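Student: I should like to go through this structure and ask, for each term applied to it, what justifies the term.

Tutor: Please proceed; each answer will set a value against its definition.

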Amino acid sequence: MNSSQGGVFQQDNARPHTAAVSQRALQGVDILPWPARSPDLSPIEHVWDTIGRQLQRHPQSALTIPVLTDQVQQAWNSIPQTDIRHLYDKMHARLHACIQNSSSYTGY
């Protein structure tokens, strides 16, 4: 998707995203410049971390895609809206910390 279509792709520069095959797949796509090692800037990374921790504590491992899908949906639905709001509200502080630390790890 290019910007003339109204979108920009954001990725965290993880090794799989910078691989040649990934870069070829993204040719012609506008990519938001993003500091390496900065998933802490993206609130969704914290949400996925929360979901992952909930799945690890789940009493039964998902052995099929439908079961995993259901478990992820349950974990997603169990995240309190106040937690999501907190992540959103702290976005400015995360960006500021990244700028102050020259795009290095911020502790968030």
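Tutor: Let us begin with a definition: helices here are DSSP runs of at least four residues, marked H or I and numbered from the N terminus. The model is a predicted one. The chain has six helices and zero strands, so the order of elements from the N terminus is α-α-α-α-α-α.

Student: What makes aspartate 49 and arginine 53 about one helical turn apart?

Tutor: Both residues belong to helix 3, where they are four residues apart, which means a separation of about one helical turn. As a general matter, an α-helix has 3.6 residues a turn, so residues three or four places apart point the same way.

Student: Why is the pairing of aspartate 49 with arginine 53 called a salt bridge?

Tutor: The closest N and O atoms of aspartate 49 and arginine 53 are 3.0 Å apart. The definition asks for a side-chain nitrogen of Lys or Arg within 4 Å of a carboxyl oxygen of Asp or Glu, so the pair qualifies.

Student: Are these two residues, aspartate 49 and arginine 53, buried, exposed or partly exposed?

Tutor: Aspartate 49 has a relative accessibility of 42%, and arginine 53 has 38%. Buried means under 20% and exposed over 50%, with partly exposed in between; therefore both residues count as partly exposed.

Student: How many salt bridges does a search of the whole structure find?

Tutor: The search finds two. Besides the pair in helix 3, aspartate 89 forms a salt bridge with arginine 85, their closest N and O atoms being 3.7 Å apart. That distance also meets the cut-off of 4 Å, so the term applies. Aspartate 89 and arginine 85 are four residues apart in helix 5, about one helical turn. Aspartate 89, at 46%, and arginine 85, at 47%, are each partly exposed.

Student: How do you know that glutamine 71 is buried?

Tutor: Its relative accessible area is 8%, and buried means under 20%, so glutamine 71 is classed as buried. Glutamine 71 lies in helix 4, residues 65-78. Leaving aside neighbours within four places in sequence, glutamine 71 is in contact with Leu55, His58, Gln60, Ser61 and Ala62.

Student: Which residues make up the largest nonpolar core?

Tutor: That core consists of five residues: Val47, Ile51, Ala75, Ile79 and Leu87. The term requires buried residues of nonpolar kinds, joined through side-chain atoms within 4.5 Å. Alanine 75, in helix 4, illustrates the first condition: at 4% relative accessibility, against a limit of 20%, alanine 75 is therefore buried. In general, nonpolar side chains tend to be buried together in soluble globular proteins.

Student: What do alanine 75 and isoleucine 79 contact, once neighbours within four places in sequence are left aside?

Tutor: Alanine 75 is in contact with Ile51 and Gln54. Isoleucine 79 is in contact with Val47, Thr50, Ile51, Gln54 and Ile84.

Student: Why are the buried residues of helix 6 said to line one face of the helix?

Tutor: In helix 6, residues 91-100, Arg94, Ala97 and Cys98 are buried. Seen down the helix axis, these buried residues fall within an arc of 100°, so they line one face. The face turned away from the buried side carries the exposed residues His92, Ile99 and Gln100. Among the elements covering the buried residues of helix 6 are helix 3 (43-56) and helix 5 (81-89).

Student: What makes Ile44, Trp48 and Trp76 a nonpolar patch on the surface?

Tutor: Patch members must have over 30% relative accessible area and no salt bridge, with nonpolar side chains joined within 5 Å. Tryptophan 76, in helix 4, has 40% relative accessibility and counts as partly exposed; that value is over 30%, so tryptophan 76 meets the area condition. Together, Ile44, Trp48 and Trp76 have about 320 Å² of accessible area.

Student: What share of the chain is buried?

Tutor: Buried residues make up 18% of the 108 residues in the chain. The chain exposes about 7,900 Å², of which carbon and sulfur atoms supply 56%.

Note on methods:
Residues are numbered from 1 along each chain as its sequence is written. This is a predicted model: local features need pLDDT of at least 70, side-chain atom pairs count only at pLDDT 80 or more; totals for chains, interfaces and linings use all residues. Side-chain values use heavy atoms; hydrogens and water are left out. Helices (H or I, at least four residues) and strands (E, at least two) are DSSP runs, numbered from the N terminus. Buried means under 20% relative accessible area, exposed over 50%, partly exposed in between (1.4 Å probe, protein chains only). Contact means heavy atoms within 4.5 Å. The arc is that of the directions from the helix axis to the C-beta atoms. Patches are made of residues with over 30% relative accessible area and no salt bridge: like charges are joined within 9 Å, nonpolar side chains (Val, Leu, Ile, Met, Phe, Trp, Tyr) within 5 Å. Accessible areas come from the Shrake-Rupley method with a 1.4 Å probe; for residues, only the protein chains shown count as cover.
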